[in-house]
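Here are my notes for someone opening this one for the first time. Have the viewer ready and follow along point by point.

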Amino acid sequence: MTAAPVTPEEDGEAPRAASRRRLWWPAALAAALALALGIPALVASGTSASGSSALTAPADDSPEAGFARDMATHHQQAVDLSFIVRDRTADEPVRTLAFDIINTQANQRGMMMGWLDQWGLSQHSPAKPMVWMRMNHTYEAHDGSLMPGMATNAQLAKLRSLSGREAEVYYLQLMLEHHKGGVEMAQGYVDLAKNDTEKRLAQSMVVGQTSEIQLITDMLKERGAAPGVPA
């Protein structure tokens with residue numbers, strides 16, 4: 001969790017303070033929700049007629065296992081992108097956003113990996129990504145981009161080659177698409193969920209990343225750049 005932003009009186013720059021406030025709260029809220037969600041039992045549960053809980057692990061091909069694996073992979077790339085830009089710009093709002101994404105998504109990824117371990121399931125599967133969503137996805141994995149929104153290896157290499165404003169804009173463009181893909185996947189799990197704990201985590205992802213989509217769109221506009229990753 002990042003520290004609370006300074007007030008305009010402390011730095012003399014009201015616009016910057018307002019920008020930092022907008023950056024801080026969505027990811028901070030998502031992280032707090034994720035931490036809270038780690039407290040309940042990590043296995044799917046059902047309630048018997050007597051009111052007692054019958055604890056069972058989800059199947060290897062279940063939406064619960066598929067979502068945990070695929071979103072963990074998706075999250076890892078968001079963390080990687082954020083570490084790259086953190087070292088390539090001194091822009092405070094972009095670094096704050098990157099820091100929040102690193103902390104929020106690394107924490108959530110750890111939770112999902114922990115659930116798979118609790119369920120006695122492997123962290124990887126030979127199944128095609130997102131097949132658990134039971135939709136006819138036409139997305140074809142290519143150059144390291146395994147799911148919608150994920151950057152390719154070439155795009156990661158390009159981000160590493162940039163610095164300053166160019167790195168900031170390219171990171172924001174990549175992360176905007178990444179969040180859109182993440183929201184689609186999280187909502188897909190919410191619609192199928194049988195595990196209340198995992199469903200709450202997915203719902204928090206939808207809320208947090210939807211807020212950040214608007215924030216990133218505004219940040220691109222402030223920098224005179226448009227959404228969309230250049231070819």
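1. Let's start with one residue in the middle of things. Glu177 has a relative accessible area of 27%, so it counts as partly exposed. Its partner is Lys180: the two form a salt bridge, with the closest N and O atoms 3.6 Å apart. Lys180 is partly exposed as well, its relative accessible area being 40%. Both residues lie in helix α6, three residues apart, which is about one turn of the helix. Bear in mind throughout that this is a predicted model.

2. Now step back for the overall layout. The protein has seven helices and two strands. Going along the sequence, you meet them in the pattern α-α-β-β-α-α-α-α-α. Of the 231 residues, 46% are buried. The protein exposes about 11,000 Å², and carbon and sulfur atoms supply 55% of that area.

3. How do distant stretches of the sequence figure in the contacts? Taking the contacts with a separation of 6 or more, 74% are between residues 24 or more positions apart. Keep that in mind for the pairs below, several of which are picked out by where their two residues sit.

4. Next, the inside. The largest nonpolar core has 53 residues, and those with the most contacts inside it are Phe67, Leu97, Met112, Tyr171, Leu172 and Met185. Five helices each supply at least two residues of this core: α3 (63-86), α4 (92-118), α5 (153-161), α6 (164-190) and α7 (196-222). Which helix gives the largest share? That is α6, with 13 residues.

5. Met185 is a good residue to click on. Not counting neighbours within four places in sequence, Met185 is in contact with Phe67, Asp70, Met71, His74, Met130, Trp132, Met133 and Met147. Two names on that list, Phe67 and Trp132, come back in the next point.

6. On to the rings. A search of the whole structure finds four aromatic pairs. One of them joins Phe67 and Trp132 edge-to-face, at 5.8 Å centre to centre and with 75 degrees between the planes. This pair links distant parts of the chain, since Phe67 is in helix α3 and Trp132 is in the loop between α4 and α5, 65 residues apart. Both Phe67 and Trp132 are buried.

7. Trp132 has another ring partner. With Tyr189 it makes an edge-to-face pair, 6.4 Å centre to centre and 65 degrees between the planes. Tyr189 lies in helix α6 and Trp132 in the loop between α4 and α5, so this pair ties together parts that are 57 residues apart in sequence. Are these two buried or exposed? The cut-off for buried is under 20% relative accessible area; Trp132, at 5% relative accessibility, counts as buried, and so does Tyr189, at 0%. Put together, Phe67, Trp132 and Tyr189 form one aromatic cluster.

8. A charge-over-ring arrangement is also worth a look. Lys158 lies over the face of Tyr170, at 4.5 Å from the ring centre.

9. Back to charges. Side chains of opposite charge can pair when their charged atoms come close. A search of the whole structure finds seven salt bridges. In one of them, the side chains of Asp91 and Arg223 meet at 2.9 Å, N to O. Asp91 lies in the loop between α3 and α4 and Arg223 in the segment after α7, so the pair ties together parts that are 132 residues apart in sequence. Asp91 counts as partly exposed, at 21% relative accessibility, whereas Arg223, at 15%, counts as buried. The pair also belongs to a wider arrangement: Asp91, Glu168, Glu222 and Arg223 are linked in a network of salt bridges.

10. One last salt bridge to check. Lys128 pairs with Glu140, and their closest N and O atoms are 3.9 Å apart. Both residues lie in the loop between α4 and α5, so this pair ties together parts that are twelve residues apart in sequence. Lys128, at 44% relative accessibility, counts as partly exposed, whereas Glu140 is exposed, with a relative accessible area of 55%.

Conventions
Residues numbered from 1 in each chain as written. Predicted model: local features only at pLDDT ≥ 70, side-chain atom pairs only at ≥ 80, totals over all residues. Heavy atoms only, no water. Helix = DSSP H or I, 4+ residues; strand = E, 2+ residues; numbered from the N terminus. Buried < 20%, exposed > 50% of the residue type's maximum accessible area, 1.4 Å probe, protein only. Contact = heavy atoms within 4.5 Å. Areas by Shrake-Rupley, 256 points an atom, 1.4 Å probe, with all protein chains shown as cover. Core = buried A, V, L, I, M, F, W, Y, C linked by side-chain atoms within 4.5 Å. Phe/Tyr/Trp six-rings, centres within 6.5 Å; stacked < 30°, edge-to-face > 60°. Lys NZ or Arg CZ within 6 Å of the ring centre and 35° of its normal. Salt bridge = Lys/Arg side-chain N within 4 Å of Asp/Glu carboxyl O.
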